[in-house]
Amino acid sequence: MSAADATIRIWDTVTGKQMHILEGHLAGISTIAWSPDSKTLASGSDDKSIRLWDISTGKPYPVPLLGHHNYIYSLAFSPKGNMLVSGSYDEAVFVWDVRTASVMRSLPAHSDPVGGVDFIRDGTLIVSCAGDGLIRIWDTATGQCLRTLVHEDNAPVTSARFSPNGKFVLAWTLDSCVRLWNYVEGRCVKTYQGHINEKYSIGGAFGTYGGGEQAFIASGSEDGNIALWDVPSKNILQRIEGHDGVVLGIDTLSGQDLLVSGGLDRTVRIWRAEEEEDYQAMKEEMD
């Protein structure tokens, strides 16, 4: 969990016990990202720096990643863990060499603060999005912009991530919509609605249910709920209540039927699916 008090707190999901408090940033932290092997955590701060942390010790790596000229707002590791992509209020996207803590490539990506970045599953592509309403697909190796996606409403885009199969990009926009894009064809193929997102930067995640055979999308909402949609049908499978205020971030843990959420009520909540019961309830609700 990252926080405005410039600390990061690591919790045990089973016991709820706090394991580490990571201290080293000089200002609030807006984004964190786990390395693929879960041994390293990256954090981006309003102090314009990115730090890498050794999870086993709770200590930062000696050299911070410096180069952005404004707040760091989004981070993502490459699948091999050797690269890190960052998005900032300085409107740029940087690709970093994790081993040397140096910038490999600087992409003059957008004309507004960059809200979200992500790597595709093989690391060859990067997606970025921003308040300018644009979603851009980049070639990791060359830094070339391969595709720009923009919806006709041109709403600010606050978060974007590749689908697990790498064929689509999912984007959150400040018109209370989550859109699924076929980025190769450059078209929006599905729009998910039913949550509220008009002011805050809200994100979400893909997940599976029904023994891993069905895919869902989870999203935070400004009404304090978590919305779950079935990917192909766009039906709302479930609304989860529990937070008191805006739910900002959601993530899922594949294989363990866990969902984690964080909100403006200063709580992090872990949700576990009752697989058979939930799957049956979802099917009945869809039928």
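**Hairpins, turns and buried side chains in a predicted chain**

Trainee: In the hairpin that β20 and β21 form, which residue in the turn has a positive phi, and of about what value?

Mentor: This is a predicted model, and in it strand β20 (residues 204-209) runs antiparallel to strand β21 (residues 214-219), with six bridges joining the two. Four residues lie between these strands, and the one in the turn with a positive phi is glycine 210, at about 65°.

Trainee: Which residue of β21 stands opposite glycine 207, and is that residue buried or exposed?

Mentor: Glycine 207 faces phenylalanine 216 across the pairing with β21, the strand in which phenylalanine 216 lies. Since buried means under 20% relative accessible area, and phenylalanine 216 has a relative accessible area of 9%, the state asked for is buried.

Trainee: Which residues, including any from beyond β21, are in contact with phenylalanine 216 once its neighbours within four places in sequence are left aside?

Mentor: Part of the list comes from the stretch Ala205, Phe206, Gly207, Thr208 and Tyr209, and one of these, glycine 207, is the residue that phenylalanine 216 stands opposite. Cysteine 177, by contrast, is 39 residues away along the chain, and its C-alpha atom is separated from that of phenylalanine 216 by 15 Å. Beyond the stretch already named, the contacts of phenylalanine 216 are Leu228, Trp229, Val231, Leu237, Thr252 and Leu259.

Trainee: In the hairpin of β21 and β22, which residue takes a positive phi?

Mentor: β21 pairs in the antiparallel sense with strand β22 (residues 225-230) over four bridges, and within this pairing serine 219 stands opposite alanine 227. Five residues lie between the two strands, and the residue whose phi is positive, near 90°, is glycine 224.

Trainee: Which residue in the turn between β10 and β11 has a positive phi?

Mentor: Strand β10 (residues 93-97) and strand β11 (residues 102-107) run antiparallel and are joined by five bridges, with tryptophan 96 having valine 103 as its bridge partner in β11. The hairpin leaves four residues between the strands, and the one with a positive phi of about 55° is alanine 101.

Trainee: Where is arginine 266, and what is its relative accessibility?

Mentor: Arginine 266 has its place in the loop between β25 (258-263) and β26 (268-272), and its phi is near 65°, a positive value in a residue other than glycine. Exposed means over 50% relative accessible area, and arginine 266 counts as exposed because its relative accessibility is 79%.

Trainee: Serine 38 also has a positive phi although it is not a glycine; what is its relative accessible area?

Mentor: Phi of serine 38 is about 65°, and the residue lies in the loop between β3 (29-34) and β4 (40-45). Serine 38 is described as partly exposed, its relative accessible area being 43%.

Trainee: What separates the C-alpha atoms of tryptophan 34 and phenylalanine 77?

Mentor: Tryptophan 34 belongs to strand β3 and is partly exposed, with a relative accessible area of 44%. Apart from its neighbours within four places in sequence, tryptophan 34 is in contact with Ile10, Thr40, Leu41, Ile55 and Phe77. Although phenylalanine 77 is 43 residues away along the chain, the separation of the two C-alpha atoms is 7.2 Å.

Trainee: What is the relative accessible area of valine 157?

Mentor: Valine 157 lies in strand β16 (residues 157-162), and its contacts outside its neighbours within four places in sequence include Cys129, Leu134, Ile135 and Trp172. The C-alpha atom of leucine 125, 32 residues apart along the chain, is separated from that of valine 157 by 19 Å. Valine 157 counts as buried because its relative accessible area is 3%.

Trainee: For the protein chain as a whole, what is the radius of gyration?

Mentor: The secondary structure comes to one helix and 26 strands. The globule rule gives 19 Å for 287 residues, and the chain comes close to that figure, so it is as compact as a globular protein of that length, with a radius of gyration of 18 Å.

Trainee: What percentage of the 287 residues count as buried?

Mentor: Along its principal axes the C-alpha trace spans about 55 × 45 × 30 Å, and the accessible surface comes to about 13700 Å², of which 48% belongs to carbon and sulfur atoms. The share of the 287 residues that count as buried is 47%.

Definitions and conventions: Residues numbered from 1 in each chain as written. Predicted model: local features only at pLDDT ≥ 70, side-chain atom pairs only at ≥ 80, totals over all residues. Heavy atoms only, no water. Rg over C-alpha atoms; globule rule 2.2 N^0.38 Å. Buried < 20%, exposed > 50% of the residue type's maximum accessible area, 1.4 Å probe, protein only. Areas by Shrake-Rupley, 256 points an atom, 1.4 Å probe, with all protein chains shown as cover. Pairing = 2+ DSSP bridges. Contact = heavy atoms within 4.5 Å.
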